[in-house]
Amino acid sequence: PVPATPEQLFAYFDRIGIAHSTVEHPPFFTVEEGRDWHHKIPGLHCKNLFIKDKKGGIWHVVLPADKRADLNALEKNLGAPRFSFAKPEVLWEVLELTPGSVTPFGLINDRERRTNVVLDADMLTAEWVNYHPLHNAASTTIRSVDLVRFVESLGFVPRIVKVPERSI
């Protein structure tokens, strides 16, 4: 199977009634690189952590861009075996995404539903949230309630938790 295209993603949003808007921009590989664009795109800017646990479980953590996650505390909160960042090959195998393009929208490609989805409760207090539309040269804005609806519509049961912050 071929990974979904942004056009297929947007058609899926339309089909399930999710309002969305997309702004194209230069490719961003990190939150820092995108910072100059944050004021041009309304809504909360977010980041994604694609993680593997020591037993081979896959975790996708979505949180505000400025939050520094404490992964040790998070794995304890979730009752997960030790976390480490997943290799690019695993990211491609599960979500069919490349590093720098990680987005909760990539769940549309996880046909085996292998991913444990973790959504930060603080992020969901924002009305509008932004994620890459399967590539990192654009940002798509949707309502945070629609992010939850999107994830659930694909058959995932998101865990909504307050991701613990690392002290600096």
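Does Leu-134 count as buried or exposed, and at what relative accessibility? In this predicted model, Leu-134 has a relative accessibility of 12%, and because buried means under 20%, it counts as buried. The residue is found in the loop between strands E6 and E7, and its phi is positive, about 80 degrees, although Leu-134 is not a glycine. From this loop one can walk outward, along the strands on either side of it, to the rest of the structure.

Strands E6 and E7 form a hairpin with 6 residues between them, and Leu-134 belongs to the turn. The two strands pair in the antiparallel sense over 4 bridges, and Val-129 has Ile-142 in E7 as its bridge partner. Val-129 also leads to another strand, for Leu-44 stands opposite Val-129 in E6. That pairing, between E2 (residues 44–53) and E6 (residues 128–131), is parallel and runs over 2 bridges.

Strand E2 deserves a longer look, since several other elements can be placed by reference to it. Of the 10 residues in E2, 8 are buried, so that the strand is mostly covered. Besides its parallel pairing with E6, E2 is joined by 7 bridges to E3 (residues 58–64), and these two strands run antiparallel. The hairpin of E2 and E3 has 4 residues between the strands, and within it Gly-56 takes a positive phi near 90 degrees. A further antiparallel pairing, of 3 bridges, joins E2 to E4 (residues 83–85). Ile-51 shows how these pairings meet, as it stands opposite Trp-59 in E3 and also opposite Phe-85 in E4.

In a regular strand the side chains alternate between the two faces of the sheet. With that in mind, the reader may follow the residues of E2 into the nonpolar cores. Which residues have the most contacts inside the largest nonpolar core? They are Phe-50, Phe-105, Met-123, Leu-147 and Phe-150, in a core of 35 residues. The elements that give two or more residues to this core are helix H1 (6–16), E2, E3, helix H4 (88–95), strand E5 (115–120), E6 and helix H5 (144–153). A second, separate core has 13 residues, including Leu-49, Ile-51, Ala-69 and Val-118. In soluble globular proteins, nonpolar side chains tend to be buried together.

Met-123 gives a closer view of the largest core and its surroundings. Not counting residues up to four places away in sequence, Met-123 touches Leu-44, Cys-46, Val-62, Leu-63, Pro-64, Val-129, Tyr-131, Ser-144 and Leu-147. Two of these partners, Ser-144 and Leu-147, are among the buried residues of H5, where Asp-146, Val-148, Phe-150 and Val-151 are buried as well. The buried residues of H5 pack against H1, E5, E6, E7 (138–143) and strand E8 (159–161). After H5 comes Gly-155, whose phi is positive, near 100 degrees.

The loop between H4 and E5 brings the reader back towards Leu-134. Leu-97 has its place in this loop, and it counts as buried because its relative accessibility is 2%. Leaving aside residues up to four places away in sequence, Leu-97 touches Leu-91, Trp-92, Val-102, Thr-103, Gly-106 and Leu-134, so the residue with which this account began is one of its contacts. Leu-97 and Asn-109 are 12 residues apart along the chain, and their C-alpha atoms are separated by 8.7 Å. Glu-96 lies in the loop between H4 and E5 too, and its phi is positive, near 55 degrees, in a residue other than glycine. Glu-96 is buried as well, with a relative accessible area of 13%.

The largest pocket can be described last, with about 620 Å³ of space lying in it. Its lining is made of 29 residues, of which Phe-29, Thr-30, Lys-47, Asn-48 and Gly-100 lie nearest its centre. Helix H2 (31–34), E2, H4 and E6 each supply at least two residues of the lining, and the largest share, 6 residues, comes from E2. By kind, the lining divides into 16 nonpolar, 11 polar and 2 charged residues. Strand E2 thus supplies residues both to the lining of this pocket and to the largest nonpolar core.

Methods. Residues numbered from 1 in each chain as written. Predicted model: local features only at pLDDT ≥ 70, side-chain atom pairs only at ≥ 80, totals over all residues. Heavy atoms only, no water. Buried < 20%, exposed > 50% of the residue type's maximum accessible area, 1.4 Å probe, protein only. Pairing = 2+ DSSP bridges. 1 Å grid on protein atoms, 1.4 Å probe; cavity = no way out; pocket = protein on both sides within 12 Å on 5 of 7 lines; lining within 4 Å. Points joined across faces, edges and corners; volume = space filled by probe spheres on them. Nonpolar A, V, L, I, M, F, W, Y, C, P; charged D, E, K, R; others polar. Core = buried A, V, L, I, M, F, W, Y, C linked by side-chain atoms within 4.5 Å. Contact = heavy atoms within 4.5 Å.
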